[in-house]
Amino acid sequence: MSEEVKDAGAKHGASIDWPAIHRRLEQATRVLEQKMAPSPAEQKKILQARAKSLAREQTADRRREEQIEVVEFLLSSERYAIESCWVREVYPLKDLTPLPGLPAFVPGIINLRGQIVSIVDLKKFFDLPAKGLTNLDKVIIVTDGRMEFGLLVDAVAGVREIPLRGIQPALPTLTGVRADYLMGASCWRTRR
């Protein structure tokens, strides 16, 4: 111990309790070590708080750029899309059974793993140029939870996300059924 410290303690009339100071320093060191290396329970709490914080920031970022996920498909060499939340599955067209007395845009039904599903030909429904059925034709099974049917399409191009702000209003030249059922047009880039 330095002479200056002894003199300072003597001037104030108090002696320094060095063992007590050492105990307090050891206790402070232990507390600091605990803060630097938290227990597994404390680590879990810290990580959960970080996860919640990061999730909130990601949600805020997504709101800035709201997007919808769509299933893109081809009809008479035109590209269309339907929101994926309505799509149950994509199924290859097999064994289409025609039924008499149905509207022209309903070519028939299929048996999908024991379930009878009506098929809607979107080319006829939208009055697009007809193209013969090929082995590449697909059925997109859509559902709202209560009703289910298949959409006959030429090919499925894939699933993608498109920004909502990129969807322009439907073209004014669309009339009839197409104007009623098409949300709008979007210019998205095809990934290669």
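**Aromatic pairs, sheets and cores**

Counting rings whose centres lie within 6.5 Å of each other, one arrives at two aromatic pairs. The model is a predicted one. A pair of aromatic rings is described by the distance of the centres and the angle of the planes. For F73 and Y80 the centres are 6.1 Å apart and the planes stand at 20 degrees, so this pair is stacked; planes under 30 degrees apart count as such. Both F73 and Y80 are buried. The other pair consists of F105 and F125, whose ring centres are 5.0 Å apart and whose planes stand at 75 degrees, so the arrangement is edge-to-face; the angle required for that class is over 60 degrees. F105 belongs to the loop between β3 (87-92) and β4 (108-112), while F125 belongs to helix α4 (residues 122-125), so the pair ties together parts that are 20 residues apart in sequence. F105 itself is partly exposed, with a relative accessible area of 29%.

The wider setting of these pairs is the protein chain, which has five helices and 10 strands. Of its 192 residues, 23% are buried. Among contacts in the protein chain between residues at least 6 apart in sequence, 52% join residues at least 24 apart.

The stacked pair leads to a sheet of three strands. This sheet is open, has the order β2-β1-β8, and is antiparallel in its pairing. Its edges are formed by β2 (78-83) and β8 (155-163), each of which has a single partner strand, so one side of each is left without a neighbour in the sheet. From one strand to the next, the twist averages 35 degrees. Within the sheet, strand β1 (residues 67-75) and β2 are joined in the antiparallel sense over six bridges. F73 stands opposite Y80 in β2, and the rings of these two residues form the stacked pair described above. On the β8 side, I162 lies in that strand and is buried, with a relative accessible area of 4%. I162 and E69 are separated by 93 residues in sequence, yet their C-alpha atoms are 6.5 Å apart in space.

A further open sheet has five strands in the order β3-β6-β7-β5-β4, and its pairing is mixed. Here β3 and β4 are the edge strands, each pairing on one side only. The twist in this sheet averages 35 degrees from one strand to the next. Inside the sheet, β6 and β7 pair in the antiparallel sense over six bridges, and T143 stands opposite E148 in β7.

At one edge of this sheet, β4 pairs with strand β5 (residues 115-121) in the antiparallel sense over five bridges. The bridge partner of I109 is S118 in β5. The hairpin of β4 and β5 has two residues between the strands, and R113 takes a positive phi near 50 degrees in this hairpin. Although β4 is an edge strand, four of its five residues are buried, so β4 is largely enclosed by the rest of the structure.

The nonpolar cores can now be placed against these strands. The largest core has 14 residues, and those with the most contacts inside it are F73, L75, I82, L122, I140 and L151. Two or more residues of this core come from each of β1, β2, β6 (138-143) and β7 (148-153). Strand β1 gives the most, with three residues. F73 thus appears both in the stacked pair and among the residues with the most contacts in this core. L151 touches I82, V120, L122, K138, V139, I140 and V142, leaving aside residues up to four places away in sequence. A second core, separate from the largest, has nine residues, among them Y91, L93, I110 and I119.

Helix α4 returns the description to the edge-to-face pair, for F125 lies in this helix. K123 is also found in helix α4. Is K123 buried or exposed? K123 is buried, with a relative accessible area of 5%, and buried residues are those under 20%. The side chain of K123 is joined to that of D154 by a polar contact of 2.9 Å.

Conventions:
Residues are numbered from 1 along each chain as its sequence is written. This is a predicted model: local features need pLDDT of at least 70, side-chain atom pairs count only at pLDDT 80 or more; totals for chains, interfaces and linings use all residues. Side-chain values use heavy atoms; hydrogens and water are left out. Rings of Phe, Tyr and Trp (its six-membered ring) pair if their centres lie within 6.5 Å; planes under 30 degrees apart count as stacked, over 60 as edge-to-face and the rest as tilted. Buried means under 20% relative accessible area, exposed over 50%, partly exposed in between (1.4 Å probe, protein chains only). Two strands pair if DSSP finds at least two bridges between them. Axes are lines fitted to C-alpha atoms, for helices over the stretch in contact, and angles run from 0 to 180 degrees between N-to-C directions. A polar contact is a pair of N or O atoms within 3.5 Å; within protein, one must be able to donate a hydrogen and the other to accept it, and residues adjacent in sequence count only if both atoms are side-chain atoms. A nonpolar core is a set of buried Ala, Val, Leu, Ile, Met, Phe, Trp, Tyr and Cys residues joined through side-chain atoms within 4.5 Å. Contact means heavy atoms within 4.5 Å.
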